[in-house]
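Got the model open in your viewer? Let's walk through it stop by stop, selecting a few residues at a time.

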Amino acid sequence: RINPFHSPSSEEVVLSASAAMASVRREAQNHSLYEDEKNPLESIRPEAINQGKIGDCYFLSALASLSLTKQGKESIVNMIHDNKDGPYTVKFPGATDEPITVKAPTAAEMAIYEEPNAHGTWAAVLEKAYGEYCNQHFWRRNILTNTFPSDEPQEGADGGSTFHAGLRILTGKGVDQDYNWATSLDTMDRKLSEAFKEGRPVTAFTMGMPWSPLFQSDVPKGHEYSVLNYDHA
């Protein structure tokens, strides 16, 4: 509220104007596809990923892992076609015959779902396109928790995935899946070392539901994480 009895000083006016300009700059960054439009690869990095209020960690963790290498960065940039008139068309490597066109994420959507930061909206655009991809056919969704398509594109990605759908759609390749209770340490070490040497994205998931007494651990259950590095030692 404005205090009618208070006349702002010149210093307060300058500070207020500076804050307003900073807000405008942040808004401009958040609504650009990339922080640096001339060099988009610089904006493709794991710290650009901010999961919102839906269960699509399996997609965003895979996206963060893919953004680690130059090849992965280039693949991400090539997925998104800016139509220049508002919407974006996304062609996922795992569904090249099914391009998905979505409008740019709105401010309301960015407050609920993937939240862009100074690195741009590219992750939010991909999340929205993937949600729409899932919405179009029920077998792409987690039909136990996400049975019916939603009016909000992103909601199609909610509910998690036990088959690493994020890695599959983003790479167009199969997934080498191991369980720590069923795989020897030597085998796990070899596979992780090879994956990082070859620049393949790696994620790790924890079993169980948050409300279940099974699979007790200090790490949150039923969640998928991006693995950013592996130390053989």
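**First stop: a buried histidine**

Select H164: with a relative accessible area of 5%, this residue is buried. You'll find H164 in the loop between α5 and α6. Check its backbone too, since phi of H164 is near 55 degrees, a positive value in a residue other than glycine. Keep in mind as you go that this is a predicted model.

**Zoom out: the whole chain**

Now colour by secondary structure. The chain has seven helices and five strands, and reading along the sequence gives the pattern α-α-α-β-β-β-α-α-α-α-β-β. Of the 233 residues, 35% count as buried. If you like contact maps, take the contacts with a separation of 6 or more: residues 24 or more positions apart account for 59% of them.

**Two covered helices**

Select residues 57-66, which make up helix α2. How many of its 10 residues are buried? The count is 10 of 10, so α2 is mostly covered by the under-20% cut-off on relative accessible area. Among the buried residues are C57, Y58, F59 and L60. To see what surrounds them, show α3, α5, α6, β4 and β5, the elements that the buried residues of α2 pack against.

One of those partners, α5, is worth its own selection: residues 122-135. Helix α5 has 14 residues and reaches 20 Å from its first C-alpha to its last, close to the 20 Å expected at 1.5 Å a residue. It is mostly covered as well, with 13 of its 14 residues buried.

**A loop with a positive phi**

Next, go to K84, in the loop between β1 (80-82) and β2 (88-90). Buried or exposed? K84 is exposed, with a relative accessible area of 71%. Phi of K84 is near 70 degrees, and that is a positive value in a residue other than glycine.

**A104 and its neighbours**

Move on to A104, which sits in the loop between β3 (100-102) and α4 (107-112). At 31% relative accessibility, A104 counts as partly exposed, because that class lies between the 20% and 50% cut-offs. Which residues does A104 touch, leaving aside its neighbours within four places in sequence? Select G86, P87, Y88, E109 and K128 to see those contacts. Then put a distance label on the C-alpha atoms of A104 and V125: they are 21 residues apart along the chain and separated by 6.6 Å.

**Into the largest pocket**

Time to switch on a surface. The largest pocket has a volume of about 1,200 Å³. Forty residues line it, and the closest to its centre are L167, D176, V202, T203 and A204. For the elements that give two or more residues to the lining, select α3 (70-79), α6 (165-171), α7 (185-197) and β4 (203-205). Colour the lining by class and you get 19 nonpolar, 13 polar and eight charged residues.

Which element gives the largest share of that lining? The answer is α7, with five residues.

**Along α7**

Stay with α7 and look down its axis. This helix has 13 residues and reaches 18 Å from its first C-alpha to its last, close to the 18 Å expected at 1.5 Å a residue. In α7, D189, L192 and A195 are buried. Why do they belong to one side of α7? They cover an arc of only 135 degrees around the axis, which puts them on the same side of the helix. On the other side of α7, pick out D186 and K197, both exposed. Step just past the end of α7 and you reach G199, which takes a positive phi of about 75 degrees.

**Last stop: T206**

Finish at T206, in the loop between β4 and β5 (224-226). T206 is partly exposed, with a relative accessible area of 22%. Leaving aside its neighbours within four places in sequence, T206 is in contact with V219, P220, K221, G222, H223 and Y225. One more distance to display is T206 to P220: the two are 14 residues apart in sequence and 7.3 Å apart in space, C-alpha to C-alpha.

Conventions:
Residues numbered from 1 in each chain as written. Predicted model: local features only at pLDDT ≥ 70, side-chain atom pairs only at ≥ 80, totals over all residues. Heavy atoms only, no water. 1 Å grid on protein atoms, 1.4 Å probe; cavity = no way out; pocket = protein on both sides within 12 Å on 5 of 7 lines; lining within 4 Å. Points joined across faces, edges and corners; volume = space filled by probe spheres on them. Helix = DSSP H or I, 4+ residues; strand = E, 2+ residues; numbered from the N terminus. Nonpolar A, V, L, I, M, F, W, Y, C, P; charged D, E, K, R; others polar. Expected span 1.5 Å × (residues − 1). Buried < 20%, exposed > 50% of the residue type's maximum accessible area, 1.4 Å probe, protein only. Arc of directions from axis to C-beta. Contact = heavy atoms within 4.5 Å.
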